[in-house]
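The following paragraphs guide a new reader through selected parts of a structure. Please keep the sequence and the model at hand while reading.

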Amino acid sequence: MSRRAAGLVIALAVVVVGAAWWWWSSHPPTEGPAAVGTGPQARATKVELNLYFPADGGLLRAERRVLPLTDAPKQRIRAVVEALLAGPQGEGLYPLFPEGVSVGSIQLADDGTVYVDLRCPTLEAPPPAGSTAEMQVVYSLVNSIVWNVSQTRQVVLLWNGIQPQTFAGHLDSSSPLAPDRSLVAAAAVQR
Amino acid sequence: VDSYVLENPFRLVFDVHRTSSVVTAPPRPLAPRPEGWFGIRTIVVDPGHGGKATGAIGPSGVQEKDLTLELARELKSRLEHRLPVRVVLTRDNDIEVDHDVRTAIANQNQADLFISIHLNSSLGEGAHGAETYFLSTEASDARAAQAAATENLGTDSAVPEDTAAQDLQLILWDLAQTHHLAESQRLANLIQGELNETLQLKDRGVKQAPFRVLMGATMPAVLVEVGFVSNPEEEKKLQDSSYRLALVEALTRAVGRYKAVAENREQPPGDRAPVASPAAPGAGVGGPASPP
């Protein structure tokens with residue numbers, strides 16, 4: 001083979017490989033887990049986990065749920081918080097807030113502190129509550145995040161971008177909160 | 001105008017009032033303290049919430065801030081009538097008072113006890129009864145760390161002598177806080193016991209939590225949730241003035257017993273009175289006689 005023919009073969013091979021790569025990257029496989037975000041670690045798989053919702057007696061009770069989660073910790077946190085805000089599916093469990101509360105930005109610091117910004121255009125501050133109701137809401141979020149996302153250790157809750165002195169009049173919100181096991185009912189997990 | 005000094009960050013707070021001061025009653029003249037004796041002489045009672053901060057709202061529209069004020073006023077009156085103490089309220093009308101200002105009022109008045117009164121609410125059904133809180137250890141430690149950071153910011157860390165002095169100061173501060181936590185728990189146990197005994201309420205127990213209003217208090221401090229306003233039956237009871245008086249009576253007895261025990265502990269051994277008796281000198285109130 002002449003030198004010119006060899007060059008043509010190599011050039012053709014490069015073009016074919018390039019075209020194949022372009023086609024593959026723009027047409028991901030249709031089978032298997034669906035991509036939720038972007039990047040190689042954004043491939044979601046269905047994960048079974050416990051979400052902690054307010055329950056009778058001033059407690060929290062776990063509801064077993066399946067959520068599509070990626071390996072990206074911020075996406076996992078967002079999925080957990082969105083599922084909590086959407087409310088429980090089972091009987092005897094209660095939503096955290098009235099309708100209209102959504103999750104804004106989520107930040108995760110190197111020390112495992114998560115900053116979750118809860119947004120509600122109609123409420124300047126979290127709804128007024130007694131200390132038990134306040135703890136049910138706060139630790140529903142804190143426990144569910146920290147116990148389901150291994151990169152997290154503690155949580156700071158913001159409301160409409162502001163970190164309040166207390167969440168609803170009692171719990172100090174100026175420092176991150178770690179999970180509290182004492183509020184979780186000992187009864188079986190709801191499926 | 002009242003002024004308070006707050007730390008971390010350093011702040012000067014000026015509280016301007018249209019009528020009377022937040023500190024509602026003129027200080028009751030007290031006999032000078034014997035040297036080395038630290039009895040219970042000043043008690044700050046804190047009616048939870050106020051102003052725009054309504055606190056919990058019951059099914060029939062009862063607002064926590066109104067009932068806590070009623071309870072606090074009655075408790076002040078009863079404590080001052082029964083015991084040789086001065087009681088200061090953190091608010092005596094429907095105004096919003098910052099959490100840090102509430103503890104600053106207690107610190108400013110060199111209070112020996114801080115009692116914050118609240119009504120509870122829960123999501124869901126079935127929660128009822130009283131519970132009494134004192135500051136969680138983690139929150140107390142975090143506060144100590146904040147204080148340490150503030151101390152370090154305010155000095156030249158290159159000077160070793162200063163650092164050693166600061167360390168000593170922080171160790172002493174930490175020891176004092178540990179003592180306050182233990183005393184807070186003792187007071188919380190007495191209050192919870194009296195509430196359960198007197199009112200036959202469901203015992204929800206003594207608990208710890210990182211409540212803002214308990215942080216920064218340099219004395220034993222508790223937060224009492226006297227009942228669930230979210231529970232229709234309890235909401236109805238809490239609206240009944242005779243029920244509220246019974247709650248106040250239970251709180252008064254608990255403070256009287258705490259005072260008797262605490263003061264007896266601080267007397268020289270030869271002067272100590274038996275603490276199990278409700279009629280211990282200085283207590284002035286009756287009640288069940290089990291030690292804390």
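In this predicted model, helix α3 of chain A, formed by residues 131-148, lies across β4 and β5 of chain A. The helix runs at about 135° to β5(A).

The strands beneath this description belong to an open sheet of 3 strands in chain A, with the order β3-β4-β5 and mixed pairing. Strands β3 (102-108) and β5 (154-159) of chain A stand at the edges with a single partner strand each, so one side of each is left without a neighbour in the sheet. On average, neighbouring strands of this sheet are turned by 20° against each other, direction ignored. Helix α2 of chain A, residues 73-86, also packs on the sheet, where it touches β3 and β4 of chain A. The direction of helix α2 makes about 150° with that of β3(A).

Strands of a sheet pair through backbone hydrogen bonds, either parallel or antiparallel. Strand β4 of chain A (residues 113-119) and β5(A) run parallel and are joined by 6 bridges. Within this pair, A:Q154 in β5(A) stands opposite A:T113.

Attention now turns to chain B. Residue B:E64 lies in helix α1 of that chain, which comprises residues 64-82. Which side chain of opposite charge is nearest to B:E64? That side chain is B:R91, 8.1 Å away, and B:E64 is buried yet has no salt bridge. The side chain of B:E64 does reach the backbone nitrogen of B:A56, at 2.7 Å, and one of its polar atoms lies 2.9 Å from the backbone nitrogen of B:L119. Leaving aside neighbours within four places in sequence, the contacts of B:E64 include A:H170 of chain A, as well as B:H49, B:T54 and B:H118.

Key. Residues numbered from 1 in each chain as written. Chains lettered and ligands numbered in written order. Predicted model: local features only at pLDDT ≥ 70, side-chain atom pairs only at ≥ 80, totals over all residues. Heavy atoms only, no water. Pairing = 2+ DSSP bridges. Helix = DSSP H or I, 4+ residues; strand = E, 2+ residues; numbered from the N terminus. Axes fitted to C-alpha atoms, helices over the stretch in contact; angles between N-to-C directions. Contact = heavy atoms within 4.5 Å. Buried < 20%, exposed > 50% of the residue type's maximum accessible area, 1.4 Å probe, protein only. Lys, Arg positive; Asp, Glu negative; His and termini not counted. Salt bridge = Lys/Arg side-chain N within 4 Å of Asp/Glu carboxyl O. Polar contact = N/O pair within 3.5 Å; in protein donor to acceptor, adjacent residues only side chain to side chain.
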